[in-house]
Amino acid sequence: MSEQAAVEAFRRKYDCDPDVIAIAPGRINLIGEHTDYNDGFVFPAAIDQRMYVAAKLAERESELRSMETGTAKPFDARTVNPGDVKEWAAYAAGMAWAIREAGYGEMPNIQAIVSGDVPIGSGISSSAALELAFGVLWVYLAKIEIPMPRLAQIAQKCENDYVGVQSGIMDQMASAMGREGKAMFLDTRSLDIEYATVPDHLTVVLCDTKTPRALTSSAYNERRTQCEEASKALGVIALRDADLESLEKRKQAMDPVVYRRARHVITEDERCIQFKAALEQDETERLGQLMLQSHESLRDDYEVSSPALDAMAEACWAAPGCVGARMTGAGFGGACVALVEIDQLEDFRNSVLPRYKEASGREGALTACQLSDGAKAVPGRKNS
Ligand code: GLA
């Protein structure tokens with residue numbers, strides 16, 4: 001799907017040009033998983049799979065149609081509240097609500113066509129892409145100004161309090177603040193970003209297991225609660241402030257599951273910092289070790305991997321040209337991320353896909369990603 005497809009569908013439906021086109025990317029995360037709601041470090045990048053919304057102002061209620069998932073029940077964007085709108089349109093309605101809640105006034109009603117190639121449940125955050133697309137769209141149409149990091153926070157509030165998933169800020173920040181050709185080392189406490197370049201000889205590959213995520217929100221929210229329990233036991237504001245030494249000292253007094261959850265977060269923060277240094281120095285062996293350790297920690301201590309994700313990661317590790325690979329995103333299905341030598345990409349692909357199929361019985365899909373700019377709204381008409 002492309003921007004053009006959304007605009008053409010809009011013209012067919014409404015017989016006019018849209019007032020605005022909003023574009024927002026999905027994200028891939030190189031390392032730093034399940035650290036963001038612990039005030040820790042993450043290393044995502046916005047990618048060239050995006051959501052597009054073509055829209056115009058409307059008199060009455062907001063009407064949304066998705067070219068992939070159908071027509072949503074109309075709602076009044078000016079007054080919409082949590083619980084009013086369900087399924088995919090909740091991300092749109094939730095943004096109108098969250099922007100209003102943040103004190104920027106009522107959002108106008110719209111007629112919109114939504115389209116995109118960020119598949120739902122594949123681990124590249126279609127939800128944040130939708131939130132940011134509607135975020136920039138409403139900011140444009142309401143003629144207000146909201147700095148992008150603030151809009152990312154508002155989108156997180158939409159996800160937490162409208163949709164009901166207690167996610168961190170990583171996906172929204174990546175979709176809002178991505179930069180072409182760059183990954184972003186993000187401190188989720190201060191929201192400081194250091195943009196980083198992936199060495200020229202490497203490419204970032206999204207390795208889709210083609211297994212939809214299951215049980216995500218309940219298992220995700222449960223992990224978050226366990227992390228809060230661990231912080232309390234360790235006497236810190238967030239696990240970002242804890243270290244392995246103090247964790248080991250408290251081990252006997254802690255629930256063993258909570259202990260392992262904390263061990264993942266503490267070691268993952270450290271791996272994320274080390275990954276940044278290794279990327280700067282182009283130390284490919286080190287990058288690979290850190291990604292391997294990250295996957296193992298997510299599989300064994302955090303227990304968010306799945307047989308398909310393990311099969312995909314193992315297929316990557318065994319393939320020619322693979323510098324490193326691990327599951328990416330929340331887990332429980334979805335995708336792995338791999339760093340691959342560009343000149344061996346074909347050999348990598350030819351090795352991974354059959355091996356993954358043999359282990360899982362499924363056809364996976366590999367996509368080399370371009371690292372991309374964050375969300376933006378552009379005028380839908382030349383003279384607007
Ligand atoms: C999901 C959430 C993010 C983050 C990741 C795991 O993508 O939306 O906030 O917690 O899972 O790292």
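How many bridges pair β4 with β5, and is the sense parallel or antiparallel? In this predicted model, two bridges link the two strands, in the antiparallel sense. Arg 65 of β4 stands opposite Thr 71 in β5. A hairpin of three residues connects β4 to β5. On its other pairing, β4 meets β6 in the parallel sense, over four bridges. There, Leu 64 has Ala 112 of β6 as its bridge partner. The two faces of β4 are unlike in cover: Leu 64 and Ser 66 lie on the covered face, and Glu 63 and Arg 65 on the uncovered one.

These strands belong to an open sheet of six. The order is β5-β4-β6-β3-β1-β13, and the pairing is mixed. The edges are held by β5 (70-71) and β13 (376-379). Each has a single partner strand, so one side of each is left without a neighbour in the sheet. In general, the strands of a sheet pair through backbone hydrogen bonds, either parallel or antiparallel. At the β13 edge, the partner is strand β1 (residues 20-29), joined to β13 by four bridges in an antiparallel run. Ile 23 stands opposite Lys 376 of β13. Helix α3 (residues 126-141) lies across five strands of this sheet, namely β1, β3 (44-57), β4 (63-66), β6 (110-116) and β13. The helix runs at about 150° to β1.

A further open sheet has four strands, in the order β10-β11-β9-β12, with antiparallel pairing. Its edge strands are β10 (322-328) and β12 (365-369), and each pairs on one side only. From one strand to the next, the twist averages 25°. Strand β10 is joined by six bridges to β11 (residues 335-341), and the two run antiparallel. Arg 326 has Val 337 in β11 as its bridge partner. Two helices lie across strands of this sheet. Helix α9 (residues 284-300) lies across β9 (202-208), β10 and β11, at about 25° to β10. Helix α11 (residues 345-360) lies across β9, β10, β11 and β12, at about 155° to β12.

Thr 328 is found in β10. Its relative accessible area is 1%, under the 20% cut-off, so Thr 328 is buried. Leaving aside neighbours within four places in sequence, Thr 328 is in contact with Ile 28, Asn 29, Glu 33, Gly 123, Ala 335, Cys 336 and Val 337. One of these contacts is polar: the side chain of Thr 328 reaches the backbone oxygen of Asn 29 at 2.9 Å. Glu 285 is 43 residues from Thr 328 in sequence, and the two C-alpha atoms are 19 Å apart in space.

The ligand has residues from several parts of the chain around it. Among them are Arg 27, Glu 33, His 34, Asp 36, Tyr 37, Ser 167 and Gly 168. Met 170, Asp 171, Tyr 220, Gly 329 and Ala 330 also surround the ligand. A polar side-chain atom of Asp 36 lies 2.5 Å from a ligand oxygen atom. For Asp 171, a polar side-chain atom lies 2.7 Å from an oxygen atom of the ligand. Ala 330 takes part through its backbone: an N or O atom there lies 3.5 Å from a ligand oxygen atom. On its own, the ligand has 300 Å² of accessible area, and the protein covers 94% of this.

Met 170 and Asp 171, both around the ligand, fall within helix α5 (residues 170-177), which also holds Ser 175. Ser 175 has 0% relative accessibility and therefore counts as buried. Beyond its neighbours within four places in sequence, Ser 175 is in contact with Ala 24, Pro 25, Ala 128, Ala 129, Leu 132, Gly 374 and Ala 375.

Two loop residues have an unusual backbone angle. Most residues other than glycine have a negative phi. Lys 143 is not a glycine, yet has a positive phi of about 55°. Lys 143 lies in the loop between α3 and α4 (148-163). Leu 191 also has a positive phi, near 65°. The loop that holds Leu 191 runs between β7 (182-187) and β8 (193-197). Is each of the two buried or exposed? Lys 143 counts as exposed because its relative accessibility is 76%. Leu 191 counts as buried because its relative accessibility is 17%.

Key: Residues are numbered from 1 along each chain as its sequence is written. This is a predicted model: local features need pLDDT of at least 70, side-chain atom pairs count only at pLDDT 80 or more; totals for chains, interfaces and linings use all residues. Side-chain values use heavy atoms; hydrogens and water are left out. Two strands pair if DSSP finds at least two bridges between them. Axes are lines fitted to C-alpha atoms, for helices over the stretch in contact, and angles run from 0 to 180 degrees between N-to-C directions. Contact means heavy atoms within 4.5 Å. A residue is near a molecule or strand if one of its heavy atoms lies within 4 Å of it. A polar contact is a pair of N or O atoms within 3.5 Å; within protein, one must be able to donate a hydrogen and the other to accept it, and residues adjacent in sequence count only if both atoms are side-chain atoms. Accessible areas come from the Shrake-Rupley method with a 1.4 Å probe; for residues, only the protein chains shown count as cover. Buried means under 20% relative accessible area, exposed over 50%, partly exposed in between (1.4 Å probe, protein chains only).
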